[in-house]
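The following exercises introduce a two-part reading of a structure: how its chains meet, and how its parts are held in contact. Please study the sequence and the model before working through each solution.

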Amino acid sequence: MAEIRLENVVKRFNEDEVVKNLNLTIADGSFTVIVGPSGCGKSTTLRMIAGLESPTSGDIWIGDQCVTNVEPGKRNIAMVFQNYALYPTMTVRKNIEFGLVNKKVPKAEREALIQEISDIVGLTEHLDKKPQQLSGGQRQRVALARAMVKKPKVFILDEPLSNLDAKLRGQMRRELIQLHKRLGTTFIYVTHDQVEAMSMGDQIILLDQGVVQQVDSPMNMYHDPNNVFTAEFIGTPAMNILERERLEIFLPSLMDRVRHVGFKPEHAHISAEMEKMSDHLVMKSEIITTETLGAETIYTVMNQAGTMNIKSFTEPITDTQKVYIAIPFDQLYFFDENEKRIRATEDYMEAPMPAMVGGA
Amino acid sequence: MSLGKARPYLMIFPAILVFTLFFIYPIGYMIYLSFHDWNFISPDKNYVGFNNFTALLQDAKFMQVLRNTFIYSALTVSLTISISLLLALWLNRKGAMYGFVQGAIFSPHIISLVSISMLWMWLMDTDYGLLNWFLNLFGISNVPWLTNPKTSLLSLIIVAVWKGIGYYTLIFIAGLQSIPKDIYEAAALDDTSKVRTFFKLTLPMLSPTLFFLTIIGLIGSFQVFETISIMTGGGPINSTNTIVYYIYENGFRFFKIGYASTAGVLLLGIIGVFTILYFRLLSRKVHYQ
């Protein structure tokens, strides 16, 4: 049982409050990703769980043990660092063995464990090399092996893939998912990359300026954001958020409390000819840029309501810049003046929306 | 203008000229003199073959000089290194007090050895010295620091250690600060004890610094001269005479230039062996990132 709970955790560096009254539960066996922009407090949170920083106030629980004042080495946690933090003077074998020797594991058992783990991560032939003789990907594997061999209750990974190139990153991502399935241990993974969060996590914790914005599964995070921050953080490209004032003529029946209206890039239809579409918000627009990615095309278009991204899976439009975009009414998201989501229809709309066409 | 193949040689010519004039030539001349008998004034240099060498190696006084030099160097270097490593481990943190202590222990390094010698002669004076006054407070009777052959060499070692510590500490702190912090965090998560962290991580990571300081320490202490010349003059009873002082004595006081040069050749050989040993070990045992 290794559920992790943070209760009213606050972390200040001098005057700077990096983590503000954090309450979190990380389920046993989950692959939890803490994601957020730089400086949101995600690494600090992780380091507090690992014991490398102590919270200014609040408590951290691992299972039924309060570990707030427990040394990092006694928490039964293994960590993979962004820069790998391998012991440079030791061979790969010694690196993996180091923690086991500290735990006074007998030599024969150590040998067997090293063999087993290095087979899993594919390091067997590199066991007697020093870290500086290895490539970035191999070093990352050593770091993983060193963490795995301790059979910890919790795995902590601090942006472990950010020093790898794009292709290797994709590969390691899939390997980590498999590893998590195989071990069944709790994984806590910190990243600033929402793609990693979406693809790997079964639970995502989105942080901004030391405050939790949303805790949810990747799909819920994507389809059901709680606020503008989540909507704008998740997705490539992220949700388009438009100011209500500039949509007044398209959506006259919106209630006053609605301040922002959002829609996902892939929910808009784009076409060169105007189509009469009922239940759609149709806007005459101009294409600014076209990114053709093969299977899909991302347009940046401008219209009365502002600049927005549209993702389309049909053939790219090349012959004209003047297009119409149509967004189904039921795919619109509404947010209030605090940028919080308004979910219930009766809370954002006074009357059913008519089909309307607008444009300059 | 094309200089062709001559260009690189022309570029290094000034450096080579200085090197030849002030290093190669004196060394060659010293070796040449070691095979001669010369009194520094007479125009005649008599070739004596290996006579100077055999005489030197049979000279009981020189054997004591060698022993003194080895003891002095070994103790000075090992004491300076171990004390400054401990100090560096203590001082390697932020805070006004640590900065002050670091500055304070570094200050002897910038004072001239002559002044230091004068200061310590006063401190170590048997009857009026501050050291003995302090020891007297604890009921310890006067120590004849520089005037007894049993303590004189040790007294000089104390001075050398005192002068060297600040510089060594500074270099050690620089070495400690170049060790990445995250490997200590990894070690903490591996539940590593402080002692094991020091011996398995810190010390191996410091090995380049350690070897650098050992070799410059050894070469430096083999050439000790000022403190001996001022504080003891090699005495009492030859107890603090070391190679360089012995060379000086023979050359410029007894005017046995050939004999002094022979001792110089021997010193060159000893330091050469140390240097070769150092580089051999460096390539094999010392970790460089």
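## Exercise 1: The interface of the chains

Between chain A and chain B, 11 residue pairs are in polar contact, both residues of each pair being at pLDDT 80 or more. A polar contact is a pair of N or O atoms within 3.5 Å; within protein, one must be able to donate a hydrogen and the other to accept it, and residues adjacent in sequence count only if both atoms are side-chain atoms.

The model is predicted: local features need pLDDT of at least 70 and side-chain atom pairs count only at pLDDT 80 or more, whereas totals for chains, interfaces and linings use all residues. Residues are numbered from 1 along each chain as its sequence is written, chains are lettered from A and ligands numbered from 1 in the order in which they are written, and side-chain values use heavy atoms, with hydrogens and water left out.

**Task.** Describe the side of chain A that touches chain B, and state the area buried between the two chains.

**Solution.**

Step 1. The elements that give two or more residues to this side of chain A are α1, β6 (77-80) and α2 (92-102). Helices (H or I, at least four residues) and strands (E, at least two) are DSSP runs, numbered from the N terminus.

Step 2. Of these elements, α2 of chain A gives the most, with 4 residues.

Step 3. By residue type, the side of chain A that touches chain B holds 13 nonpolar, 6 polar and 4 charged residues. Here Ala, Val, Leu, Ile, Met, Phe, Trp, Tyr, Cys and Pro count as nonpolar, Asp, Glu, Lys and Arg as charged, and the others, Gly among them, as polar.

Step 4. The contact (heavy atoms within 4.5 Å) takes 23 residues from chain A and 18 residues from chain B.

Step 5. The two chains bury about 1900 Å² between them, with 58% of it on carbon and sulfur atoms. Buried area is the accessible area (1.4 Å probe) that two parts lose on being put together, summed over both.

## Exercise 2: A network of charged side chains

**Task.** Which residues do salt bridges that share partners join into one network?

**Solution.**

Step 1. A salt bridge is a side-chain nitrogen of Lys or Arg within 4 Å of a carboxyl oxygen of Asp or Glu. Side chains of opposite charge can pair when their charged atoms come close.

Step 2. The rule finds 3 salt bridges across the interface of chain A and chain B. B:Glu185 forms a salt bridge with A:Arg47, with the closest N and O atoms 2.6 Å apart.

Step 3. Within chain A, the side chains of A:Lys11 and A:Glu53 meet in a salt bridge at 3.9 Å, N to O. This pair links distant parts of the chain, 42 residues apart: A:Lys11 is in strand β1 (residues 4-13), and A:Glu53 is in the loop between α1 (42-50) and β4 (57-62). Both A:Lys11 and A:Glu53 are buried, that is, under 20% relative accessible area, where exposed is over 50% and partly exposed is in between (1.4 Å probe, protein chains only).

Step 4. A:Glu245 and A:Arg259 form another salt bridge, their closest N and O atoms being 2.2 Å apart. Both residues lie in the loop between β11 (240-243) and β12 (260-263) of chain A, 14 residues apart. A:Glu245 is partly exposed at 43% relative accessibility, and A:Arg259 is partly exposed at 27%.

Step 5. The network that answers the task consists of A:Lys11, A:Arg47, A:Glu53 and B:Glu185.

## Exercise 3: The two domains of chain A

**Task.** How many salt bridges does the rule find across the interface of domain 1 and domain 2 of chain A?

**Solution.**

Step 1. The domain assignment, which is automatic or from a database, gives domain 1 (4-229) and domain 2 (237-358). Their C-alpha centres lie 39 Å apart.

Step 2. In contact are 7 residues of domain 1 and 11 residues of domain 2. The area buried between the domains is about 830 Å², of which carbon and sulfur atoms give 45%. On the side of domain 1, A:Tyr222, A:Pro225 and A:Val228 lose the most area to domain 2, together 58% of what that side buries.

Step 3. Across this interface the rule finds 2 salt bridges. The side chains of A:Arg341 and A:Asp224 meet in a salt bridge at 2.7 Å, N to O.

Step 4. A:Asp224 also forms a salt bridge with A:Arg343, at 3.0 Å between the closest N and O atoms. A:Asp224 lies in the loop between α7 (218-223) and α8 (228-233) and A:Arg343 in the loop between β19 (341-342) and α9 (345-348), so the pair ties together parts that are 119 residues apart in sequence.
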